[in-house]
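Subject: Structure for your files

Hello,

Here is the structure I said I would pass on. My notes on it follow below.

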Amino acid sequence: MKKINRLFLLALCGLTFGCNNQLDLEPQGAPTTGNFWKTESDAVAGVNSIYELYSDDDMYGRGFFWLNNASDDIGTKPRANAERIKNFQVDGNESDTRSIWGKHYQVMKRANDVIRNVPAISMTESIKNRILGEAYFNHAVMHLELAYRYGDDRAGIPIQDRSNPENIYVSRAKNVAENYAYIAEDLKKAADLLPYFSSYSAENYGRAHKTAALAYLVRTYLYAKDWANAEKYADMVISSGKHSLLTNYEDVFKTANNWSSEYIWSVTSSAKDTRVGCIFPGVCLEDKGWGLYNGWGNFYPTKELYDAFQTGDKRREVTILKTGDKFMFFGQERTFNVGAFTVSSSNRTGYQFRKYMEPYSYANPIGSTINPNGDKPSTSLNVPLLRYADVLLMKAEAKLMQGKNADTEINQIRTRAGLAAISGATITDLKRERRCEFGGEWTDRHFDLVRWGDAQTVYAQPLHHADGRVIYPARTFNPQVMNVWPIPPTEIQNSKGSLTQNQGW
């Protein structure tokens, strides 16, 4: 990988460049206006700065995955804030999640700086288009991740004043539909401006690309319940011919396939640089890693998730380790929850997520496939945020919601899982396939349940340990309040009255 001397070490490594190769960059913070935004180099550095925060542990390291702890798939080690989230007893000031809002808006602000300043710079047209496309894309992704978590029909989230960065006290959109419309327009611009991923050379792997923008349009329209457009843009991804399912589900979660045909958008990572990369695999690893590595043991699968898989579903053993399962760890075959590999007392469920463990399977992995710094337990494995299987299942959902047949899409997923094809697939079938396909991923089971209107019923059931005992009793979920999360009170205080809290929190 060639060396690029620019302003941002963290900017490019966080979500931009793949595997273990890192750019030789000097960290000097975010660009300022003064004498900046004059040259093509400035434009490249400016867009690279957008990616800086993706490596932040409060973003895709753990960050708002704590909010996914609300779902019926996840159990956590006992800790106060996790218990508060599980029981919807939060106020938005929890240390684990209160920075989500601000960091997303910080990324959006940097994207808007690019969109406002780059058009006036004299530079290569193709690079200018790519840079602007990256900015529109990243702004849209950040905007979407906040919109459905904090916005509803009663109030959306603030839409930044793109033309005037000094105007920071912006009221909330009147409803989240306004946000979805704005996000969709940004993604359409991004799709028009960006090249296909296949046109990138290795040093640009991880930059936004055309089908990523189209795929996030599908997700945006799915949350907006615009089924026709969700289907339309899913068809555009599919018909592009740029993506396909890998033959084996297990292969999706191998470092060698970070940039496979199933890749659409991921948090790229590093096993060597202690300052960058996604720590999520280490966060999911057994607490203390049986003395061989500093796993954090934050998130574990529940018995409910394990039991959701049908007999013969290959995804279950790829996704979850149960007592007695054999697995490779530090170059040797181990037996999960037996002998020296018994789980710690902090393991809430008796299971572990397996799909992120490939980097730990090798002999002497420290420094090659896992980070030597256990306080930054990143690995060589990219963590998926949106993959091709999701496009197929989002299309299936959109078709079913329109009364159409979705057997083709659902059976592509089932066939790879080793399951028999079905005829006349229903929304119930779709819901099970999403759950089993994306268990433990950032696709967000909790907001699937919210979107379907199922959260209240599902959360009224207790959750169980592998041995059958209750680990979380039935919970009360009030959709009128809890379909969105509370906005951090510090953000409201800092808004000088322009930002109001979600009703009921």
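**Overview**

The protein chain holds 20 helices and ten strands, where helices (H or I, at least four residues) and strands (E, at least two) are DSSP runs numbered from the N terminus. This is a predicted model, in which local features need pLDDT of at least 70 and side-chain atom pairs count only at pLDDT 80 or more, while totals for chains, interfaces and linings use all residues. Residues are numbered from 1 along each chain as its sequence is written, and side-chain values use heavy atoms, with hydrogens and water left out.

Along the principal axes, the C-alpha atoms of the protein chain fill a box of roughly 65 × 50 × 45 Å. The radius of gyration of the protein chain is 22 Å, which agrees with the value near 23 Å for a compact globule of 505 residues. That radius is taken over C-alpha atoms, and the globule rule is 2.2 Å times the number of residues to the power 0.38.

**Helix pairs**

Three helix pairs are described here. Axes are lines fitted to C-alpha atoms, for helices over the stretch in contact, and angles run from 0 to 180 degrees between N-to-C directions.

H6 (residues 100–117) and H7 (residues 125–150) have axes that come within 9 Å and cross at roughly 155°. H6 is therefore roughly antiparallel to H7 (angles over 145 degrees count as such, under 35 as roughly parallel, 65 to 115 as roughly perpendicular and the rest as oblique). Their crossing is left-handed, meaning that the near helix is turned anticlockwise from the far one by less than a right angle; clockwise would be right-handed. Residues of H6 including Trp-101, Tyr-105 and Met-108 meet residues of H7, among them Leu-132, Tyr-136 and Met-142 (contact means heavy atoms within 4.5 Å). The residues of this contact divide into 15 nonpolar, four polar and one charged. Here Ala, Val, Leu, Ile, Met, Phe, Trp, Tyr, Cys and Pro count as nonpolar, Asp, Glu, Lys and Arg as charged, and the others, Gly among them, as polar.

For H9 (residues 210–223) and H10 (residues 227–239), the axes come within 8 Å and cross at roughly 160°. That makes H9 roughly antiparallel to H10, and the crossing is left-handed. Leu-214, Val-218 and Tyr-221 are among the H9 residues that meet H10, where the partners include Trp-227, Tyr-233 and Val-237. This contact has twelve nonpolar, two polar and no charged residues.

H16 (residues 427–437) packs on H17 (residues 445–452) at an angle of about 165°, with the axes 10 Å apart. H16 is thus roughly antiparallel to H17. The crossing is right-handed. Leu-430, Lys-431, Arg-434 and Arg-435 of H16 make the contact with Arg-445, Asp-448, Arg-451 and Trp-452 of H17. By class, the contact of H16 with H17 has two nonpolar, no polar and six charged residues.

**A hairpin**

Strands E5 (residues 326–329) and E6 (residues 332–335) pair in the antiparallel sense over four bridges; pairing requires that DSSP finds at least two bridges between two strands. Lys-326 has Thr-335 in E6 as its bridge partner. Two residues lie between the strands of this hairpin, and Phe-330 takes a positive phi near 55°.

Regards
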